[in-house]
Amino acid sequence: MGHIQKNKPKSHLSLQNIQNAGTNEINIDVPDSIIKTLEARKNHICIKKGDNSNPSCNKASIPGTVTQRSCVYGGARVVLMPITDAIHLVHGPIGCASCTWDIRGSRSSSDDLYKNGFSTNLEEKDIVFGGEKKLLETIIELNKLYNPAAVFVYATCVVGLIGDDLKSVARKAERLTKCRVIPVQSEGFRAVNKSLGHQLACDAMLDYLIGTDEPETITKYDINIVGEFNVAGDLWGIKPLFEKIGVNVSCAITGDSKVEDIARAHRAKLNVVQCQKSSNHLAMEMEKKYGIPFLKVNFFGIEETSNSLRDVAQFFNNPEMIRKTEELIKSETERLRAEIIKYKERLAGKRVAVYVGGNKAWSLIKAFEEIEMEVIMTGTQNGLLEDYERIRETVKDGTLVVDDANSMELARLLKKYRPDLIVSGAKEKYLSLKLGIPFCDFNHDRITSFAGFQGFINFAKEVDRAVSSPVWNLTPKNYSGVKENAK
């Protein structure tokens, strides 16, 4: 990391000061305490400067850092779990089921079978003698009780260690029950973080589901929305926009989806990819296997939503669709800009720290700029190089970029830079509040939709509610361990 200057005198410049210092030289102002305490971590933190600013990423976490990453099995679950009419059966000890059960706030318009937790509850004797018989009996029993559209069976670390043959059991169970039984080889130890789990989940859909059924009707403008998980109802803010311009959403993979929808997804004319961290692999493989091209889209913010709709309309190259798209963008933009004035008056100039999943670490940047807030820090726990390249393309010079930070590092960074808002997930919520910094949940647990045009208003309102709450007038201005001149 040639751009990190070692042993620099400790500067008291804020990131804003750093950006204003010009582009000839950017002072690296990463807190010394992080580098001093965890020397091996320093390459995982960098300041964006031009085109040479990616932190070290996708490597095994350093022992002792108390990483907060999730495992391969967790990554597979977050992709597949929003399939609403399927049973998601965890083959392993009961604790593995509790760790990822219902971790997504994905909403459903009909079935709610996916909201139930199922486990084979492997115990000591199963570890010694093998769990295949128990798995088969569990699938047969669940099929009798629930008559699901499919049963996804997730392998956990223990199953990988004792060598249960998931595929063989799945084939036998499928013959006996006449129900789809889909093995997901998601043993947690297979990689350093959950990113491989995303890919394995996509592979399970490609190998066992997509292309196994035919749609009743096909139109010239059928698309799949890939990597949209309908958290807090995000999909319901996107789907009507496509309907208004004449595009038919055949399937969302996997938000608010059913097994048969995904089975027929191979007849779409276009895949639009919302979460490009978890679902690029699926889109690329569907292009290879079925010849379906794909576009990368982003429905967070006015500009990003508008550009995404334009890209889809331009792809189909239908003059009437293009006209409808421009009319929709014009009317919605005028409405939204009038509505967000009151929020901008309170939020303009406020500084934001974003520490979320790989896709959200960059997809939110434009949305914050549209309410005139400044993102001074961003990062992710499970980012790949392509995620950080996208971050680098999106953020301004001088932005702090962090990979796989633990709670101690985050606390030190937040004390150092004192952002006006932290956007993250549940793990960072109480850390933020204890430091007296407003917090906004943008992860799986949020309850407010942020996608699409109306979602942007919800977003501005939620951010304003967090930042402008009068409770912050009652908190002390000097916090333990925080020096005034560190601001």
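Biologist: Across which strands does helix α8 lie?
Modeller: The structure shown is a predicted model. In it, helix α8 spans residues 166-177. This helix runs at about 170 degrees to β5, and the strands it lies across are β2 (86-91), β4 and β5.

Biologist: In what order do the 4 strands of the parallel open sheet follow one another?
Modeller: The edge strands of this sheet are β3 (118-119) and β5 (180-184), each of which pairs on one side only. Strand β4, residues 150-155, is joined to β5 by 5 bridges, and the two run parallel. The full order is β3-β2-β4-β5.

Biologist: Which residue of β5 is the bridge partner of A150?
Modeller: Strands β4 and β5 run parallel and are joined by 5 bridges. For A150, the bridge partner in β5 is R180.

Biologist: What is the strand order in the open sheet of 6 strands?
Modeller: The pairing in this sheet is mixed. Its edge strands are β1 (45-47) and β14 (439-441), and each of them pairs on one side only. On average, neighbouring strands are turned by 15 degrees against each other, direction ignored. The order is β1-β12-β11-β10-β13-β14.

Biologist: Which residue of β13 is the bridge partner of V354?
Modeller: Strand β10 covers residues 351-356 and strand β13 covers residues 421-424. The two strands pair in the parallel sense over 3 bridges. In β13, the partner of V354 is V423.

Biologist: At about what angle does helix α18 run to β12?
Modeller: Helix α18 comprises residues 385-394. The helix lies across β11 (374-380) and β12 (400-403). Its angle to β12 is about 170 degrees.

Biologist: Why is strand β6 described as largely enclosed by the rest of the structure, and how many of its residues are buried?
Modeller: Strand β6 is made of residues 222-228. It is joined by 6 bridges to strand β7 (residues 248-254), and the two run parallel; one bridge partner pair is I223 with V249 of β7. Strand β6 is largely enclosed because the number of its residues that are buried is 7 of the 7.

Biologist: Is Q274 buried or exposed?
Modeller: Q274 is found in the loop between β8 (270-273) and α12 (280-290). Leaving aside its neighbours within four places in sequence, Q274 is in contact with V226, G227, E228, I238, V297, N298, F299, F300 and N359. At 4% relative accessibility, Q274 therefore counts as buried.

Biologist: What distance separates the C-alpha atoms of Q274 and N248?
Modeller: Along the chain, Q274 and N248 are 26 residues apart. Between their C-alpha atoms the separation is 16 Å.

Biologist: How are helices α3 and α9 oriented to each other?
Modeller: The axes of α3 (residues 72-80) and α9 (residues 195-208) come within 6 Å and cross at roughly 50 degrees. The crossing of α3 past α9 is right-handed. The contact is made by V72, G75, A76, V78, V79 and L80 of α3 with L196, G197, H198, L200, A201 and M205 of α9, and its residues divide into 9 nonpolar, 3 polar and no charged. The two helices are therefore oblique.

Biologist: Which residues of α14 make the contact with α10?
Modeller: The axes of helix α10 (residues 235-245) and α14 come within 8 Å and cross at roughly 130 degrees, which means that α10 is oblique to α14. By class, this contact has 4 nonpolar, 1 polar and 2 charged residues. From α10 come L241, K244 and I245, and from α14 come M321, K324, T325 and L328.

Biologist: What is the relative accessibility of T325?
Modeller: T325 is found in helix α14, residues 319-339. Leaving aside its neighbours within four places in sequence, T325 is in contact with I245, L309, R310 and A313. T325 counts as buried because its relative accessibility is 1%.

Biologist: How is α14 oriented to helix α21?
Modeller: The axes of α14 and α21 (residues 452-467) come within 10 Å and cross at roughly 10 degrees. In α14, I329, E332, R335, L336 and E339 meet F453, Q454, F456 and I457 in α21. By class, the contact has 5 nonpolar, 1 polar and 3 charged residues. The crossing angle therefore makes α14 and α21 roughly parallel.

How values were computed: Residues are numbered from 1 along each chain as its sequence is written. This is a predicted model: local features need pLDDT of at least 70, side-chain atom pairs count only at pLDDT 80 or more; totals for chains, interfaces and linings use all residues. Side-chain values use heavy atoms; hydrogens and water are left out. Axes are lines fitted to C-alpha atoms, for helices over the stretch in contact, and angles run from 0 to 180 degrees between N-to-C directions. Angles under 35 degrees count as roughly parallel, over 145 as roughly antiparallel, 65 to 115 as roughly perpendicular and the rest as oblique. A crossing is left-handed if the near helix is turned anticlockwise from the far one by less than a right angle, and right-handed if clockwise. Contact means heavy atoms within 4.5 Å. Ala, Val, Leu, Ile, Met, Phe, Trp, Tyr, Cys and Pro count as nonpolar, Asp, Glu, Lys and Arg as charged, and the others, Gly among them, as polar. Two strands pair if DSSP finds at least two bridges between them. Buried means under 20% relative accessible area, exposed over 50%, partly exposed in between (1.4 Å probe, protein chains only).
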